[in-house]
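Welcome, and thanks for taking a look at this one. Please keep the structure open beside you while you read the briefing below.

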Amino acid sequence: MRLGVEAALVRGELVAGDVDVEDGVVVDVGLAGGTRGRIAVPGFVDLQVNGFGGVDFLAAATEDYVRAGEALLHTGVTAYQPTFITAAESTIVDALRALPVNGARPRILGAHLEGPFLSPERLGTHPQAHRRDPDLDLLERLLEPGGVTEMTLAPELPGAGAVIRRLLERGVVVSAGHTNATAQEAHDAFDLGVSTTTHLFNAMRPFRSRDPGIVGVALTRREVFVQMIVDGHHLADETVRLVWAAAEGRLALVTDATAGASNGGGIYQLGEVEIEVADGPPTREDGVFAGTVLTMIDAIRNVHALGIPFEDAIGAATAVPARILGRTDVGVLEPGAAADIVVIDDRLDIVHVLCAGEERVVARD
Ligand code: ZN
């Protein structure tokens, strides 16, 4: 099946010509033909999705993932990590047990546990009542159901080192977030194997001239990946440009989306927290930001509108998040790769979305 595109983004570079897909796999690129203004890019990979399309993943049954998944596919996401914020232990364990195991579309890469080992000083919207200091026994119980691929924690907390080591032994990516880590504490964490940061700048010790904190260290250590929310609210435009200048090629866009994303305004749950979606990002009763209603295609449009080149904006939503998880089978478009593809037009509107070669979404003109 030819996709009918003018070009494709292959390994970060635009290759002129059409793309051929057979049996769910990309067979060839650079073929004659195609429609002007249509470009195939890898399906988007979102490492932080709390909910979508009216579904809050912390309370979702397996069938709810079908509804949320369809809504995510419409925004170009073909692989993601359902993300569970800080909650009662039993709630998190139940949520992990409800994760679909096989064949979900979009692909479920594993769960991202955001908490409960977070800094009491940087909780944001996470419920204080369920925050815990790092605890190996609790960690074991949270890992027991399986499926955890990333954990966000505050590495400066007492006992965090042992938790980080255990997570790395289990192959779980450790991200520093909701943290008050100083520069030295951040260096220690990255030396230990923490490889990325959760929503850089948000819920984090701020950068100051003589106290650069974890932000300064993450931006200047070239092996550290940074993740950030570009919804036009969580970060000023200049902050996004600064991060891009410092961390280009190791920066992943995340949506931090909630149940209100692609579902209109109203009252929703984010775990145990009630949130209101009106104009702007969702807020808790006291006005604290509570995730977003951002979609990944809008995040890409937002950074591209700030002057970030198209190839780099797409890379931050595809290849980089895949690298953070050490996945070589998603976030790529090349012969031999699974056909997880978004076809966009020259206005960055989505025309088609394929997941494993199956045409799942076609734009309604
Ligand atoms: Zn957060």
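Let us begin at L348, which is buried because its relative accessible area of 9% falls under the 20% cut-off. Please bear in mind that this is a predicted model. From L348, the briefing moves on to backbone geometry and then to salt bridges.

**Residues with positive phi**

- L348 lies in the loop between strand 19 and strand 20. Its phi is near 60°, a positive value in a residue that is not glycine.
- F201 is another non-glycine residue with a positive phi, here near 80°. You will find F201 in the loop between strand 14 (196-197) and helix 6 (213-220).
- Is F201 buried, exposed or partly exposed? F201 counts as partly exposed, because its relative accessible area is 24%.

**Cis peptide bonds**

- The peptide bond leading from R105 to P106 is cis, and its omega is near 0°. P106 sits in the loop between helix 2 and strand 10 (107-108).
- G115 and P116 are also joined by a cis peptide bond, with omega at about 10°. In this case P116 belongs to the loop between strand 11 (111-114) and helix 3.

**The salt bridge at R301 and D349**

- Back in the loop that holds L348, between strand 19 and strand 20, there is a charged residue to look at. The side chain of D349 meets that of R301 in a salt bridge, at 3.1 Å from N to O.
- R301 is part of helix 8 (residues 296-305), while D349 is in the loop between strand 19 (341-344) and strand 20 (350-355), so this pair ties together parts that lie 48 residues apart in sequence.
- Both partners are partly exposed: R301 has a relative accessibility of 26%, and D349 has a relative accessible area of 28%.
- Which residues are joined into one network by salt bridges that share partners? They are D298, R301, D345, R347 and D349.

**The salt bridge at E89 and R141**

- Where the side chains of E89 and R141 meet, they form a salt bridge with an N to O distance of 2.6 Å.
- This pair links distant parts of the chain, with E89 in helix 2 (residues 89-97) and R141 in helix 3 (residues 136-143), 52 residues apart.
- E89 counts as partly exposed because its relative accessibility is 31%. R141 is partly exposed too, at 40% relative accessibility.

**The salt bridge at E169 and R166**

- How far apart are the closest N and O atoms in the salt bridge between E169 and R166? They are 3.8 Å apart, which is within the 4 Å cut-off, so the pair counts as a salt bridge.
- Here both residues lie in helix 4 (residues 160-169), three residues apart, or about one turn of the helix.
- E169 is exposed, because its relative accessibility of 61% is over the 50% cut-off. Its partner R166 counts as partly exposed, at 25%.

**The overall count**

- How many salt bridges are there in the model? The count comes to 17 salt bridges, and the pairs described above are among them, including E89 with R141 and R301 with D349.

Definitions and conventions: Residues numbered from 1 in each chain as written. Predicted model: local features only at pLDDT ≥ 70, side-chain atom pairs only at ≥ 80, totals over all residues. Heavy atoms only, no water. Helix = DSSP H or I, 4+ residues; strand = E, 2+ residues; numbered from the N terminus. Buried < 20%, exposed > 50% of the residue type's maximum accessible area, 1.4 Å probe, protein only.
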